[in-house]
Amino acid sequence: MRIYAIAVFLFLYVPIGIIVLFSFNAGRHASELRGLSIQWYGKALSNPFVADAFFNSLIVALSVAVLSSLMGTAAALALQRLKGTVRVLFDGLIYISVMIPGIVIGIATLVALVTVFDFLNPLLASIWPEGAKPPKLSMGYASVIAAHTLFTMSIVIILVRARIAGMDRALIEASMDLYATPWRTFYQVTLPQIYPAILAGFLLSFTFSFDDFIIAFFVAGANTTLPIYIFSSIRRGITPEVNAIGTMVLAVSLCLLMTAQFSLRARTNR
Amino acid sequence: MVDQSTSSREIDIEFRGVTKRFDDVVAVDNVSLDVERGAFFSFLGPSGCGKTTSLRLIAGFEQPTEGDVFIGGNSVVGIPSHKRPVNMVFQHYALFPHMNVAENIGYGLRQRSPKPAKQDVDKRVDETLEMVRLSGYAKRRVWELSGGQQQRVALARALINHPTCLLLDEPLAALDRKLRREMQIELQTLQREVGITFILVTHDQEEALSMSDRICIMRDGRIVQSGSPRELYDEPVNRYVADFVGKSNFFSGEVVGSNGSGVTVKLESGQALTGIQPKSAPGLANGSRASIAVRPEMISIKAADEANTDSSITIKGQVMNRIFLGEHSEYLVATEGYGDVMVLSPKSIEHSDRSFVLDDRVALSWRPDAALVLGDA
């Protein structure tokens, strides 16, 4: 049993370890290690395409994290007031949206957006004043952000719902009993109680969006995010530069995930 | 202190025909009552009797389906809890875990508009901490405190606002027995000091009896009887109240007749017993189900062969069990035709010749006015 476990863990983590190790390769080729150096990190960071893709990813991931934590929290607070069939229905839909494979979300969003754009663009052109150039809706930041938020919002809802469920309902009543208006009760009592879950949701959403390739590949249009850049550059062969980018993404993701874990644990202990 | 002469008739809380339904369940059913200013009032009853819902109707967490609730003479129907001049001590205290003791206690003051100056809040918090004997605990985290200390923080958090009325929802249920006794005394003292109306919800009859001026006994959303602890104990309106408040021996049967001196009830065994009806109880028609109730401490126990010269009711039996309770002894006596009877005999009359052991033949007797005839409702 123990041997199997070790084998599984080796299979999981050795390739990741090798990527990290080879990112410090002093040589030109990804396959042979010739001393250690951080030159590929310098190369990667000074590559304008990498920088461009990195900022695209950052903008998308930040927007997704902000939007999904705001909307997810609002949805979780509203859902907790629902009862009966409506609640069961919404709960089901939320879990389904977490389980739907990324490729399905990617294709579905692509088809939906293309259809809507095809319908709206002529309409916009027809109502636009003469002479001015009508706006043309197309794939870009907004479409990636929308597709990612669709998925990550459900994660935030699930996390915040769990937190609310564990919260003593009497705290809200106590606050109202002590003359706090509903709004003040929300930010003086409810929010401090659920913010670890919101923070964790924010970080998980950011990580998911920052790392996601499949959905972004379908709906990013002309914008290249970091995972898309990595994918396109490995078609030209795996270079230590790609390893360096991968390692940086890994480091950022791990940091955020650990922060999320920590923030979920922090207050649950008490 | 409140001036007793002018305040004695003022009503702080009033229910007029209040009904509260949750879907099909009637939690409070057409209840009318009033609570005088400065009173210590208790709702007493088993779980699900509507006592907590009544308290929540006063706090504003629930709105009545029908009827009217008044606080200080003004109808509060439709007014949300944050606009009502009452404060509550919750069953599990509901202290804010992300705030320290002082922040918890000052919470109500900080919600006022205009917001009071910080040093005023701090000063009031310090005074209140002193009142509940927690000076020096201001900066503590609430979860570091013991149950009794948390209880006092919850009290302070409510009382600092000088509410018209303090609501207490089973406030002592989470404390151990000894601490509960101490807090009962502390609550009474505190209530006398601040002169605020206290409304307590409890299922513990001992707690209600020992602390309250007035008790309202509830069942299935209705008031069964309300009155002073003594009234409820001495003159219960029916068997339910007598059973809930203190201990009683019940001999149930059917009313067969009544005259000026009392009502006679024929038991299933064919024996008849006579008792008097409490003043406030509804009359009993012949043929209706009723019980004769006798408090265990009102029964005297003697050896069976001892001469019986007075006019009291006497039944014979055999000692089945004896429990020594310190100041009392509790006997369980099997009687012929009257079932098992519990007798509480004070130590002062438990001389060696009056103390009985298992299987002793004994005679039980009580004065005619110690037996109450109660409807089985």
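The following paragraphs describe strand β7 of chain B, its neighbouring strands, and the contact between chains B and A in a predicted model.

Strand β7 of chain B spans residues 165–169, and five of its five residues are buried, so the strand is largely enclosed by the rest of the structure. Burial here means that 20 or more other C-beta atoms lie within 10 Å of the C-beta atom of the residue in question. In a regular strand the side chains alternate between the two faces of the sheet. In β7(B), B:C165, B:L167 and B:D169 lie on one side, while B:L166 and B:L168 lie on the other. Since each of these residues is buried, both faces of the strand are covered.

The pairing partners of β7(B) may be considered in turn. Strand β6 of chain B, residues 86–89, pairs with β7(B) in the parallel sense over four bridges. Within this pairing, B:M88 stands opposite B:L167. Strand β8 of chain B, residues 197–202, also pairs with β7(B) in the parallel sense, here over five bridges. B:L167 appears again in this second pairing, where it stands opposite B:I199 of β8(B). Helix α6 of chain B, residues 177–194, joins β7(B) and β8(B) in a right-handed β-α-β unit.

Strand β6 of chain B also leads to the contact with chain A. This contact takes 17 residues from chain B and 16 residues from chain A. On the side of chain B that touches chain A, β6 and α3 (101–110) each supply at least two residues. By class, that side of chain B comprises nine nonpolar, seven polar and one charged residues.

Definitions and conventions. Residues numbered from 1 in each chain as written. Chains lettered and ligands numbered in written order. Predicted model: local features only at pLDDT ≥ 70, side-chain atom pairs only at ≥ 80, totals over all residues. Buried ≥ 20, exposed ≤ 12 C-beta atoms within 10 Å, placed from the backbone. Pairing = 2+ DSSP bridges. Right-handed = clockwise from strand over helix to strand, strands pointing away. Contact = placed C-beta atoms within 7 Å. Nonpolar A, V, L, I, M, F, W, Y, C, P; charged D, E, K, R; others polar.
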